[in-house]
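Got your viewer open and a selection box ready? Here's a walk through one model, stop by stop, with something to pick at each.

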Amino acid sequence: GTCVIFEANVDYYTRFEGEARLDAMAPTAQQRADAIAITEFADVVIASSRHLAGVCAEFNSHSAWVPDNVDLRLRPAQAQGTPVRDGRLQVWWSGMAAKLFEFLAAEEAFLAVADHIHLRLVTDDLEHAKSRWPVEVRERLEQFLTRVPHTLHRFRDIAGLLAFYAEGGVIVSPRFLDTPYNFSHTEWKITLGMACELPAIASPVPSYLDAAERSNAGAVTICRSNEEWHSALSSWLDNPARLRESGRAALDAVRQHYETGVVARQHAACLSETLARA
């Protein structure tokens, strides 16, 4: 006698027979069966990316996309402090340390500009994460971090993360696109940085493509090859004024499409439609 609403944020549905670089990125048969059962039973499924909503729609026609929200109240008043310091572009990334191997998707590009960038990694326990990678992945990433200047920052909370981002630079999200897990990934990893006026450079994950389509003035640069990654990273070094302009466009995109109030209204509309149909 009640409405059942299922919020899906991981693709547990698509079978993956390959070898995942991280075990957690390959759903088990039981997880898939459970996800399908819940999805079929629900009155509505709210998916956190457009791509995932399409996957869910195969099992429930009442599937909707509502993106992750960005609470701009947590954003520092001043952002885009010093994008280039001592001749090095500040390049931000945040996520679980276990997923740092994603940098290997654009490894050649980052190594090529290593003398001109500084990676700022906001994450958790890197030493513990290393134990979860195959040996060859661990060795490549250790060599990568040896050659690319970087600083590790401990993730505490979203407000603290946004305070880091407000120091200025760009936000990056390289991703391997050979797993269903990454295809359904949301845009949140880049929109949090965009909220602090960091232009984004990212792999062609569907949600990142959506963010790029919703943005102006180079707020999101999509890179499909190491050559494009190299070009994108280099371009910001050569034109700091353009970097600031694109940073403002990034914030505008968040305000228009991903800010908490905007997303809340999408949630409310979805729930109202579901209740009307019940």
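The tour below goes from a strand and its partners to cysteines, empty spaces and one helix residue. Keep in mind that this is a predicted model.

**Stop 1: strand β5**

Select residues 88–94, which make up strand β5. Is this strand enclosed or open to the outside? Six of its seven residues are buried, so the rest of the structure largely encloses β5.

Now add its partners, beginning with β4 at residues 84–85. β4 and β5 run antiparallel, with two bridges joining them. Show R85 as sticks and look across to β5: the residue standing opposite is R88. The two strands form a hairpin with two residues between them. Click on D86 in that turn and check its backbone: phi is positive there, about 50°.

Next, bring in β6, residues 117–123. This pairing is parallel, and six bridges hold the place between β5 and β6. For a concrete pair to label, take S94, whose bridge partner in β6 is V122. To see how the chain gets from β5 to β6, colour helix α3 (residues 107–112) as well: β5, α3 and β6 make a β-α-β unit, and it is right-handed.

One more strand to add here is β8, at residues 170–173. Its pairing with β5 is also in the parallel sense, over two bridges. Pick W92 and you'll find I171 as its bridge partner in β8.

**Stop 2: the cysteines**

Select C3 and C270. How many disulfides does the structure hold? Zero. C3 is in no disulfide, and the nearest cysteine sulfur, 11 Å away, belongs to C270. Seen from the other end, C270 is in no disulfide either, with the sulfur of C3 as its nearest at 11 Å. The cut-off for a disulfide is a pair of sulfurs within 2.5 Å, so a separation of 11 Å doesn't qualify.

Switch on a surface and compare their surroundings. C3 is partly exposed, at a relative accessible area of 28%, whereas C270 is buried, at 9%.

**Stop 3: the largest pocket**

Select G95, K99, H185, W188 and K189. Among the 24 residues that line the largest pocket, these lie nearest its centre. The pocket's volume is about 560 Å³. Then colour β6, α6 (158–165) and α8 (188–194), since each of them supplies at least two lining residues. What is the chemical mix of that lining? Ten residues are nonpolar, eight polar and six charged.

**Stop 4: the cavity**

Rolling a probe the size of a water molecule over the atoms shows where empty space is left. The structure holds one cavity of 30 Å³ or more, and the largest cavity contains about 40 Å³ of space. To frame it, select R21, L22, M25, F101, E102, F176, D178, T179 and N182, which line it. Colour these by type and you get four nonpolar, two polar and three charged residues.

**Stop 5: out to helix α10**

Finish by selecting residues 226–238, helix α10, and pick out L237 within it. Is L237 buried or partly exposed? It is partly exposed, with a relative accessible area of 22%. For a last distance, draw a line from the C-alpha of L237 to that of A98: the two are 139 residues apart along the chain, and their C-alpha atoms are separated by 29 Å.

Notes
Residues numbered from 1 in each chain as written. Predicted model: local features only at pLDDT ≥ 70, side-chain atom pairs only at ≥ 80, totals over all residues. Heavy atoms only, no water. Buried < 20%, exposed > 50% of the residue type's maximum accessible area, 1.4 Å probe, protein only. Helix = DSSP H or I, 4+ residues; strand = E, 2+ residues; numbered from the N terminus. Pairing = 2+ DSSP bridges. Right-handed = clockwise from strand over helix to strand, strands pointing away. 1 Å grid on protein atoms, 1.4 Å probe; cavity = no way out; pocket = protein on both sides within 12 Å on 5 of 7 lines; lining within 4 Å. Points joined across faces, edges and corners; volume = space filled by probe spheres on them. Nonpolar A, V, L, I, M, F, W, Y, C, P; charged D, E, K, R; others polar.
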